[in-house]
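I opened the notebook on this model to look up its enclosed spaces, its cysteines and a handful of single residues. The entries below follow the order in which I went through them.

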Amino acid sequence: MTTHTGSKALALLVAGTFFMENLDATVVTPAVPAMAKSFAAAPVDLSAGVSAYMIALGVFIPVSGWAAQRFGARQIFAAAIVMFTLTSLLCGMAQDLPQFVAARVLQGIGGAMMVPVGRLVVLRETPKERLVSAIAVLTWPALVAPVLGPPLGGLIVDHGDWRWIFWLNLPLGAMALAGALRLVPHLEAEPQRRFDWTGFLLLGGAIFALMLMAEDMSRPDASLPVAATGVIVGLVLLGLGVRHLNRAETPMLRLSALETQTFAVTIWGGSLFRMGVSAVPFLVPIMFQVGFGYTSFQAGGMLMAVFAGNLTMKPFTTAGMRRFGMKPVLLVNGTLNAAMIAACALFGAWLPLWATCAILFLGGMTRSMQFTVFNTIAFADVPKDQMTDANTLFSTAFQLAMGMGITLGAIAWRLGEVLGHGGDPAAPFRIAFLIVAAASALGIIDSLKLAPDAGRIVAGPKASLTNSPQPPKGEPK
């Protein structure tokens with residue numbers, strides 16, 4: 001194990017790479033018109049570059065655990081940073097759409113190796129009693145990047161060349177590589193471990209189909225028959241993949257961590273929560289543009305209230321978990337998070353701007369807390385020998401849930417258009433927010449299965465005392 005200072009520096013390093021990977025998933029969107037003009041292509045065609053990156057991430061994340069064990073986590077993490085950085089250079093140098101899409105696929109593969117392997121190193125090198133602080137550091141990129149990406153991308157395009165969206169990764173990647181070579185320890189590799197081609201093809205095919213469907217459903221011209229076909233194909237391949245993983249002697253990914261209750265809750269209930277919160281940054285800007293006539297920059301800027309809530313809550317997440325315990329926080333805060341999503345249905349001309357921002361701000365606070373608790377409790381009780389597979393499974397479920405959240409938002413929006421408009425262009429979005437809130441609330445039910453002292457080993461001594469039975473009167477405490 002590394003020292004306290006060393007483990008904190010390692011967590012900050014990995015968080016920095018997480019931020020690069022998450023930011024590149026969203027920062028491109030405002031640059032689409034400028035990029036389309038540069039490539040002499042239709043703006044709608046540029047969505048291929050966005051979806052190629054996300055799909056490559058999802059498909060290759062399951063490979064990361066095998067690669068880390070086969071070649072060593074330090075080597076794979078450093079190589080992934082190099083690949084991500086160099087492909088960022090290629091993205092900025094692309095002269096046409098095919099070149100850009102190819103570069104984005106390679107960038108996604110680099111990100112798929114960089115993010116899970118970086119988290120694995122932190123999990124292995126951080127003692128359980130310091131895991132809360134480490135996970136809190138690793139959580140902020142997933143919270144900040146989706147809301148910071150669109151305004152940042154718009155700012156770069158308005159005042160410079162879209163290519164700088166990618167070239168900014170060059171100095172960041174160089175610093176990350178230097179930090180990786182200095183901070184990441186050598187971990188034992190398993191050079192004889194074989195690659196599970198059957199598992200990769202089944203899981204990769206399932207994730208490809210589901211992520212492609214998610215991307216298609218986010219378009220205004222989405223085809224419901226095509227999406228339904230994608231869902232069916234994806235679920236069939238996923239079922240066959242799970243069956244193979246449970247029967248194979250040396251599977252790409254072992255599912256034994258799902259037998260650990262705290263980990264299983266973060267996969268099932270946690271995925272519903274992540275779908276809900278990822279639908280909000282998708283719906284809010286569109287609602288303010290279509291429903292209230294905001295410009296794209298003004299609509300994207302409304303998400304800064306969510307960002308402010310994320311940052312405000314961050315210093316209190318660890319104290320909250322230690323004071324009240326994991327289960328009570330998941331139940332109460334999860335309920336508040338669903339309520340804040342539902343409150344977005346109140347947005348309208350009659351609602352003062354400060355009240356709109358307050359709802360988004362409070363939603364950002366509850367989002368931050370729930371993210372941190374789920375990410376922390378996920379690995380609290382996972383045995384050390386299952387950590388690599390658990391980390392890979394967690395990363396795969398995380399990526400899939402965040403992508404499916406956009407699909408949830410798009411489907412809810414379309415249902416809103418069917419259920420009622422009444423001359424109010426914002427009405428479909430109000431219905432959509434209520435549907436998304438209901439889906440997020442369903443994730444709370446899973447947390448009821450947790451033991452009262454779930455996650456105590458990582459939450460710290462205060463949570464231990466809070467959740468422990470009190471001695472009878474007259475006996476010393």
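**Entry 1: the cavities**

I began with the second largest cavity, in which about 50 Å³ of space lies. I note at the outset that the model is a predicted one. Around this second largest cavity I listed the lining as G269, F273, G334, N337, Q370, F374, S440, G443, I444 and S447. Sorted by class, that lining has three nonpolar and seven polar residues, with no charged residue among them. I then asked which helices the lining of the second largest cavity comes from, and found that α11, α14, α15 and α17 (427-447) each supply at least two of its residues. Of the helices, α17 gives the most to this lining, with four residues.

How many cavities of 30 Å³ or more does the count come to? I wrote down two of them, and turned next to the largest, which has a volume of about 140 Å³. Its lining is made up of 15 residues, and V280, I341, G363, G364 and R367 are the ones that lie nearest the centre of this largest cavity. By class I recorded eleven nonpolar residues, three polar and one charged in the lining of the largest cavity. The helices that each supply at least two residues to that lining are α11 (261-290), α14 (326-343) and α15 (353-377), and α15 gives the most, with five residues.

**Entry 2: the second largest pocket and the domains**

For the second largest pocket I noted a volume of about 740 Å³. This pocket is lined by 30 residues, of which L210, L238, W268, A397 and L400 are the closest to its centre. When I divided the lining of the second largest pocket by class, I had 26 nonpolar residues and four polar ones, and no charged residue. Helices α9 (197-217), α10 (224-247), α11 and α16 (387-419) each supply at least two residues of that lining, the largest share, nine residues, coming from α10.

I then set the pocket against the domain assignment, which gives domain 1 (1-186), domain 2 (196-251) and domain 3 (257-456) for the protein chain. The lining of the second largest pocket draws at least three residues from each of domain 2 and domain 3. Between the C-alpha centres of domain 2 and domain 3 I recorded a distance of 24 Å.

**Entry 3: two residues of α11**

S271 has its place in helix α11. Is S271 buried or exposed? I entered S271 as buried, because its relative accessible area is 13%, under the 20% that marks the limit for that class. Leaving out residues up to four places away in sequence, I found that S271 touches T266, A397 and A401.

F263 is also found in helix α11, and I entered F263 as buried, with a relative accessible area of 0%. Beyond its neighbours within four places in sequence, F263 is in contact with A257, L258, A378, F379, V382, A390, L393 and F394. I also checked F263 against W162, and the two are 101 residues apart in sequence and 41 Å apart in space, taken C-alpha to C-alpha.

**Entry 4: a proline in α6**

I looked up P150 next, and its place is in helix α6 (residues 131-159). I classed P150 as partly exposed, because its relative accessibility is 23%, which lies between the limits of 20% and 50%. Its contacts, leaving aside neighbours within four places in sequence, are with T26, P30 and A145. P150 and S51 are separated by 99 residues in sequence and by 16 Å in space, C-alpha to C-alpha.

**Entry 5: the cysteines**

How many disulfides does a search of the whole structure find? I recorded zero. To see why C344 has no such partner, I looked up the cysteine sulfur closest to its own, which is in C357, and the distance of 11 Å is too far for a bond; the limit for a disulfide is 2.5 Å between the sulfur atoms. C344 is buried, with a relative accessible area of 3%. I closed the entry with C91, which at 0% relative accessibility counts as buried.

Definitions and conventions:
Residues are numbered from 1 along each chain as its sequence is written. This is a predicted model: local features need pLDDT of at least 70, side-chain atom pairs count only at pLDDT 80 or more; totals for chains, interfaces and linings use all residues. Side-chain values use heavy atoms; hydrogens and water are left out. Buried means under 20% relative accessible area, exposed over 50%, partly exposed in between (1.4 Å probe, protein chains only). On a 1 Å grid over the protein atoms alone, a cavity is a set of points where a 1.4 Å probe fits but cannot get out, and a pocket is an open set with protein on both sides within 12 Å along at least five of seven lines; lining residues have an atom within 4 Å of a point. Grid points are joined across faces, edges and corners, and a volume is the space filled by probe spheres set on the points. Ala, Val, Leu, Ile, Met, Phe, Trp, Tyr, Cys and Pro count as nonpolar, Asp, Glu, Lys and Arg as charged, and the others, Gly among them, as polar. Contact means heavy atoms within 4.5 Å. Domain bounds come from an automatic or database domain assignment.
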